[in-house]
Amino acid sequence: MAERGEREVGTNPMGELILVRHGETAWSLSGQHTGHTDLPLTEHGESQVRSVAPLLADRKVGLTLVSPLARTRRTAELVGLAPYRLTPDLHEWDYGGYEGVTTADIHRTRPGWSLWTDGVTPGPAEFPGETPEQVGARADRVLAEVTDVLRSDDADVVLVSHGHFLRVLTARYLGLEPAAGALFLLGTGTVSRLGTEHDRPVITAWNLELPDSVLRAAEQEKADVA
């Protein structure tokens, strides 16, 4: 994949779009679909986020947009992304009736079910559920908003958001259908980058994180000292 220096040899240098997925929560650990439920980061999730802060330390950031939920706001704070602007379009997929339900549980009644192709069951009126196309429309609005910033002064834009939403946004950035987000696995507490090569959209880095074994060893050492 092209690195920053390679990207800038083109005639129209642009900043990169940096994607930060929030750290671990109790439901991301258990595999429960977490859309609107406002869960905090776990202690491990906070450690995950702190560990990736150096990946952003030398970036020239022109704009930071953050999903309004507590787990994303806390992630932005721990990474040192201030100031930032809360952006409702960055919220996670509305899972409707599957909020808080694991894929394994869904498969008991819908074998082979996939969020990307089969959608969700309706939820309550305030959270009825979204199709991939509806999530893609939100991603398109975010991408339209950040385009001018990316093209001005070679500054980066950081988005702090959620796993499924960022996967859809990546697909749309690359000119793919929203459901193609299924191709882009994204872990908690990770940093990814989208840029250009010869004026074409590309992934320049993906799913960057501190290895879990190293992170847990550091957490244990910190606990032992305390």
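How much space lies in the largest pocket? About 450 Å³. This is a predicted model, and every value below is computed from it.

**The pocket**

The lining of the largest pocket is made of 24 residues. Five of them lie nearest its centre: Arg21, Gln32, His33, Tyr95 and His164. What kinds of residue make up the lining? It divides into 13 polar, seven nonpolar and four charged residues.

Some helices take part. α2 (26-30), α6 and α8 (163-173) each supply at least two lining residues. The top contributor is α8, which gives three.

**Helix α8**

Is α8 enclosed or open to the outside? It is largely enclosed by the rest of the structure, because 10 of its 11 residues are buried. Among them are Gly163, His164, Phe165 and Arg167. His164 also appears in the pocket, where it is one of the residues nearest the centre.

What do the buried residues of α8 pack against? Their partners are the strands β1, β4, β5 (191-197) and β6, together with the helices α6 and α7. After the helix comes Gly175, and its phi is positive, near 85°.

**Two nonpolar cores**

The largest nonpolar core holds 33 residues. Seven of these touch the most other members: Leu17, Leu19, Val146, Leu159, Phe165, Leu169 and Leu194. Several elements give two or more residues to this core, including β1 (17-21), α7 (132-150), β4 (156-161) and α8. β2 (61-66), α6 and β6 (200-208) do so as well.

Take Leu19 as an example. Residues up to four places away in sequence are not counted here. Leu19 then touches Leu159, Leu166, Leu169, Thr170, Thr190, Val191, Ser192, Leu194 and Trp206. Of these partners, Leu166, Leu169 and Thr170 are buried residues of α8.

A second core is separate from the largest one and has 15 residues. Val20, Ala76, Val79 and Val160 are included in it.

**Thr64 and a cis bond**

Thr64 sits in strand β2. Is Thr64 buried or exposed? Its relative accessible area is 5%, so Thr64 is buried. Setting aside neighbours within four places in sequence, Thr64 contacts Leu81, Pro83, Tyr84, Arg85, Val158 and Val160. Val160 was named above as part of the second core.

Pro83 deserves a look of its own. It is placed in the loop between α4 (70-79) and β3. The peptide bond that joins Ala82 to Pro83 is cis, with omega about -5°.

**An aromatic pair**

How many aromatic pairs does a search of the whole structure find? It finds three. One is formed by Tyr98 and Trp113: the ring centres are 5.3 Å apart and the planes stand at 75°, so the pair is edge-to-face. The cut-off for that label is over 60 degrees.

This pair links distant parts of the chain, 15 residues apart. Tyr98 is in the loop between β3 (85-86) and α5 (103-109), and Trp113 is in the loop between α5 and α6 (115-118). Both Tyr98 and Trp113 are buried.

**Strand β6 and the loop before it**

Three residues here count as partly exposed. The table gives their places and relative accessibility.

| Residue | Place | Relative accessibility |
|---|---|---|
| Asp199 | loop between β5 and β6 | 45% |
| Asn207 | strand β6 | 22% |
| Leu208 | strand β6 | 29% |

Two of them have a backbone angle to check. Asp199 is not a glycine, yet its phi is positive, about 65°. Asn207 is not a glycine either, and its phi is positive at about 60°.

What does Leu208 contact, leaving aside its neighbours within four places in sequence? Its partners are Val52, Leu55, Gly189, Thr190, Val191 and Arg193. Thr190 and Val191 are also touched by Leu19.

Finally, compare sequence with space. Leu208 and Thr25 are 183 residues apart in sequence. From C-alpha to C-alpha, Leu208 and Thr25 are 18 Å apart.

Technical notes. Residues are numbered from 1 along each chain as its sequence is written. This is a predicted model: local features need pLDDT of at least 70, side-chain atom pairs count only at pLDDT 80 or more; totals for chains, interfaces and linings use all residues. Side-chain values use heavy atoms; hydrogens and water are left out. Rings of Phe, Tyr and Trp (its six-membered ring) pair if their centres lie within 6.5 Å; planes under 30 degrees apart count as stacked, over 60 as edge-to-face and the rest as tilted. Helices (H or I, at least four residues) and strands (E, at least two) are DSSP runs, numbered from the N terminus. Buried means under 20% relative accessible area, exposed over 50%, partly exposed in between (1.4 Å probe, protein chains only). On a 1 Å grid over the protein atoms alone, a cavity is a set of points where a 1.4 Å probe fits but cannot get out, and a pocket is an open set with protein on both sides within 12 Å along at least five of seven lines; lining residues have an atom within 4 Å of a point. Grid points are joined across faces, edges and corners, and a volume is the space filled by probe spheres set on the points. Ala, Val, Leu, Ile, Met, Phe, Trp, Tyr, Cys and Pro count as nonpolar, Asp, Glu, Lys and Arg as charged, and the others, Gly among them, as polar. A nonpolar core is a set of buried Ala, Val, Leu, Ile, Met, Phe, Trp, Tyr and Cys residues joined through side-chain atoms within 4.5 Å. Contact means heavy atoms within 4.5 Å.
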